[in-house]
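I opened this entry to keep a record of what I looked up about one sheet and its surroundings. The structure comes first, and my notes follow.

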Amino acid sequence: MERRLSEFFTDETADKAGLAASNVKTDLVKKDPVVTDLQYDSRNVKNGSLFFALPGLHTDGSIFIDDAISKGASVIVHENEIHEKKPDVVYLKVKDSRFAMSPVSASFYDFPSRRLLVTGVTGTEGKSTTVYLIWQLLTLLGEKAGFFSTVQRSLGKEVIWNSEHQTTPEAPVVQRLLYEMANNGCRYAVIEASSHGLSKKTNRLGDVEFCSAVLTNITHEHLEFHGTWEQYREDKANLFRALDNYIPGPESDFSGPFGVINADDKSLRFFADATRHKIFKYSASGREADIVITAFENSAWGNWYNLYIPAAGEFIDVRDRLTGSFNAHNILAALLAVSGLLKLPVRKITPYINKLKPVRGRMTSINRGQPFEVVVDYAHTPSSFQAVFPPLRSRLNKTGGRIISVFGSAGERDTQKRAQQGEIASGYSDIIILTDEDPRGENPMDIIEDIAKGIEENKTKEFRRGENLFLIADRLAAIRKALNCANRGDMVLLLGKGHENSIIYADHVMPFDEITEAEKALSENGYR
């Protein structure tokens, strides 16, 4: 894609980017370069790129400006003063270059979200699964849709894996993905909206026009970025505030924005009050809502539940193939989202639920003929532990099986949750093996010791190091230890990595796929 700078860096864009339009126009009288793409990493710059010099956590993007220019960058968006400027380069000084990426990117790609009906899904847990479920239902119902999440993406064609650990990409990537979806003929887009992406600090989603918003839940997470739980929730609510800015395109037959919220969540009213538009609610615990679960059974192969639709006075039996009782919430959210988008009654959508596929790395069972269960899940927060452990403990109590848990916690992230993870896991596990997740710049054993404190302070169950508590930083070794501990009827529960394809250390990134490694370890033990 190629566009003259003057074509997309309009007065409106300049104003939203925090730059005086008059200053730009003065420069453009003499220079109006062709921009071929948008980059914020100088290593990816090519001839004709517009380069955003971003302030970073460990370094300042301004030091890469000369490198970007040497590779062919024709426009530099920056916030720090530049004293020596190249005569053939356009320099655009803004208040905040990261914030400016969103309006500039949206304009460069000609506001692609206006050509789509975009649904954003936010929450602490269940985002990736709910995004994938909404996309599957739309597709099963014959609609052309795209999506992107922490795990996967589709631009209206095949589903591919997300190779990065980033839930919501930076604004240039967000806008490019939406642009490609629209060009591929998609009518709908479903995107995972993280708290980082919704924050005004990053503004990654600031210029996406959402027609519907979904909240799965809101609990303790990412305080290292947001500072407080209140700010975390405030940033999440920006998704619902965005509904009030939605303007249907001239040819749109969409009747109006709406939100979908988990009525079982304590922040229901806070999020409902963030928008003036209609809110649909769902409940798995009998609370007043638009769709309610009245009976429920779960198994290793999926769930059965009875749904009640108060407005229609209907009861509907539903079966899915998603292991884990918490997936019932995700199913309900997806049903209401698709119902609102397509203006279809829920009963018209429920027949497709048993065709839905689970997300890889979300309660994924591994079976190589071993006499015990091996399950991989992405759970990595206290609230996700509270969702995963109880139903598994209840099921294994009936057969006398033990839970052998393997998990860690991320480095350079919220440290408060580490002891909480340990405390929760110790209440349901029989053996715990603590290991690396993504240590990043922290000492791996320091992280593991933080988790161990929560385990050893749990007075209801005793854990002794070397007996039923093991600290093994090497995750490959930890998996093998867990499998060697397992007896017939037990469950080995591998938590925290899920779909991810690497472990991040201070000085390197180690390729790592939990499912593949577990399968390999089982093969080494003679299971095929």
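I traced the sheet in this predicted model and found it to be open, with 11 strands in the order 10-9-8-11-7-12-13-14-15-16-17 and mixed pairing. The edges are taken by strand 10 (160–161) and strand 17 (314–319), each of which has a single partner strand, so one side of each is left without a neighbour in the sheet.

I then looked up which helices pack on this sheet. Helix 6 (residues 127–140) does so, touching strand 7 (117–122), strand 8 (145–148), strand 9 (152–154), strand 11 (188–192) and strand 12 (210–215), and its direction makes about 170 degrees with that of strand 11. Helix 13 (residues 327–342) also packs on the sheet, where its contacts include strand 13 (258–262) and strand 14 (278–283), and its direction makes about 165 degrees with that of strand 13.

Next I turned to strand 11 and asked how many of its residues are buried. I noted 5 of 5, with Y188, V190 and E192 on one side and A189 and I191 on the other, so that both faces are covered. This fits the rule that side chains in a regular strand alternate between the two faces of the sheet.

For the pairing of strand 11, I found that strand 7 runs parallel to it and is joined to it by 5 bridges, with V121 standing opposite E192. Strand 8 also pairs with strand 11 in the parallel sense, over 4 bridges, and here F147 stands opposite V190.

Last, I checked strand 15 (residues 291–299) and strand 16 (residues 302–309), which pair in the antiparallel sense over 7 bridges; F296 has Y305 in strand 16 as its bridge partner.

Methods:
Residues are numbered from 1 along each chain as its sequence is written. This is a predicted model: local features need pLDDT of at least 70, side-chain atom pairs count only at pLDDT 80 or more; totals for chains, interfaces and linings use all residues. Side-chain values use heavy atoms; hydrogens and water are left out. Two strands pair if DSSP finds at least two bridges between them. Helices (H or I, at least four residues) and strands (E, at least two) are DSSP runs, numbered from the N terminus. Contact means heavy atoms within 4.5 Å. Axes are lines fitted to C-alpha atoms, for helices over the stretch in contact, and angles run from 0 to 180 degrees between N-to-C directions. Buried means under 20% relative accessible area, exposed over 50%, partly exposed in between (1.4 Å probe, protein chains only).
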